[in-house]
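Reader: Got a minute? I'd like to go through this structure with you.

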Amino acid sequence: MKIIILGAGQVGGTLAEHLASEANDITVVDTDGDRLRDLGDRLDIRTVQGRGSLPTVLRQAGADDADMLVAVTNSDETNMVACQVAYSLFHTPTKIARVRESAYLTREELFDNDHIPVDVLISPEQVVTNYIKRLIEHPGSLQVIDFAEGKAQLVAVKAYYGGPLVGQQLRQIRAHMPNVDTRVAAIFRRDRPITPRGDTVIEADDEVFFIAAKKDIRAVMGELRRIDETNKRVVIAGGGQIGERLAEAIESRYQVKIIEMSPARCRHLSDTLESTVVLQGSASDKDLMLEENIADADIFLALTNDDEANIMSSLLAKRLGARKVMTIINNPAYVDLVQGGDIDIAISPQLATIGTLLAHVRRGDIVSVHSLRRGAAEAIEAVAHGDAKSSKVVGKAIEDISLPTGTTIGAIIRDEQVLIAHDDTVIESGDHVILFVVDKKHIRDVEKLFHVGLSFF
């Protein structure tokens, strides 16, 4: 697939990295020559320096025969104009734009071929807000992913000493919970993937990914670890777009406080939010944190745009007694360094966003793609089409499907029903199949499984 990416920042660079390794023809456009040189040195891609909304620059990038334009510059207006130019002059089939300003996003009638021709809108702030909200709703989870509009969920937890299943084989899950069907999709032990089998023994500190119907998630988590107390008190450092959206989404069910430096922003938050307490000051101010009883906080969230400030305020909050600490980290190099110590969960906005983009780039009918373990693995929701003659999966039992190495099928959503995958489960046309892919070099093979007939040649 021939793809033009406008913007060589964190999201554009991460997307280029994902796609370049999958035999796509990638061109990245940016005004910053240093960023382009850095990407060009690391990846097998073309780069073009210039403003991505200009017809001459798009033509130089190969827009005449591009399959897709992904506009993820820092300017909403540049992204939207670029999609208009690609549609009007180059008839680019698929146009994806990152749009951050909520004033645009709330006017859906703007985005169609008669107005601003954007096929897919990406709002990183909303994606990250939803991601954090799910983590708050599932105490003890490291990652929570919805499939089939929330009918099934994939949850990552760390197995703790004393958990009912620690030291026992996976097949014991069924004996412990005869009325709950679940499947362990993957286990990471000391950062290495282990293919789960019935005789696999769960060890303390294993990172376990399991899939189940949404209603059964809490019961399964109780088998793998002690269930954390319900979250009630949430403190947010940073009243920017993500902080405001998150507070708005959860303030009706939790006691929420926001700590924000800017007096003008504090006034805006006070006027906008219903019950959230807004405090003007720095989350790195020890006296303020003590005064606001940070030791009573169930969750402390550092959501500013400054990685260093987020890390320092998170470490302080943990030291002063906050039960769980989550922080946004924009620099991918920092994520692995900080997670798992005093900081319980490090959230990478670009990795949270990248799955939304990848779902539209994958071949076959791919509904959603989610980056797991900071990009090392992926969870994919694919739709099976065709019949036993035209499809490699339809009409076959899971044990008879030739899955790529390190790939497991976790569940099947059929209409309103969540079917946890077992060896004798037969896939039907129209099923939503949830796959876990540990080794990303096999992504293309997974895509081919869900093509009908010979369309992938």
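Author: Sure, let's take the sheets, then a helix, then the cores. One caution: this is a predicted model.

Reader: Okay. In what order do the strands of the sheet with strand 1 run?

Author: The order is 3-2-1-4-5-6. That is an open sheet of six strands, with parallel pairing.

Reader: Which are the edge strands?

Author: Strand 3 (46–49) and strand 6 (120–122). Each of them pairs on one side only. Neighbouring strands here are turned by 15° against each other on average, ignoring direction.

Reader: How many bridges join strand 4 and strand 5?

Author: Four. Strand 4 covers residues 68–71 and strand 5 covers residues 94–98. L69 stands opposite K95 in strand 5.

Reader: What lies across strand 4 and strand 5?

Author: Helix 14, residues 349–361. It also lies across strand 1 (2–6) and strand 6, and runs at about 165° to strand 6.

Reader: Next sheet. What's the order with strand 12 in it?

Author: 14-13-12-15-16-17. It is an open sheet of six strands, and the pairing is parallel.

Reader: Why do strand 14 and strand 17 each have a side without a neighbour in the sheet?

Author: Strand 14 (277–280) and strand 17 (345–347) stand at the edges. Each has a single partner strand, so one side is left without a neighbour in the sheet. The twist averages 15° from one strand to the next.

Reader: Which helix packs on that sheet, touching strand 15 and strand 16?

Author: Helix 12. It touches strand 15 (299–302) and strand 16 (324–328), and its direction makes about 175° with that of strand 16.

Reader: What span should helix 12 have?

Author: It has 13 residues, 307–319. At 1.5 Å a residue it should span 18 Å, and its end C-alpha atoms are 18 Å apart, so the two agree.

Reader: Which of its residues are buried?

Author: D307, N310, I311, S313, S314, L316 and A317.

Reader: And what happens at the start of helix 12?

Author: A side-chain oxygen of D306 reaches to within 3.0 Å of the backbone nitrogen of E308. Just after the helix, G321 takes a positive phi of about 115°.

Reader: Switching topic. How many residues are in the largest nonpolar core?

Author: 65. I132, L154, I236, L301, I347 and F436 have the most contacts inside it. A second, separate core has 47 residues, including A8, V28, A421 and I443.

Reader: What is L154 in contact with, leaving aside neighbours within four places in sequence?

Author: Its contacts include V144, F147, F209, L372 and F436.

Conventions. Residues are numbered from 1 along each chain as its sequence is written. This is a predicted model: local features need pLDDT of at least 70, side-chain atom pairs count only at pLDDT 80 or more; totals for chains, interfaces and linings use all residues. Side-chain values use heavy atoms; hydrogens and water are left out. Helices (H or I, at least four residues) and strands (E, at least two) are DSSP runs, numbered from the N terminus. The expected span of a helix is 1.5 Å times one less than its number of residues. Buried means under 20% relative accessible area, exposed over 50%, partly exposed in between (1.4 Å probe, protein chains only). A polar contact is a pair of N or O atoms within 3.5 Å; within protein, one must be able to donate a hydrogen and the other to accept it, and residues adjacent in sequence count only if both atoms are side-chain atoms. Two strands pair if DSSP finds at least two bridges between them. Axes are lines fitted to C-alpha atoms, for helices over the stretch in contact, and angles run from 0 to 180 degrees between N-to-C directions. Contact means heavy atoms within 4.5 Å. A nonpolar core is a set of buried Ala, Val, Leu, Ile, Met, Phe, Trp, Tyr and Cys residues joined through side-chain atoms within 4.5 Å.
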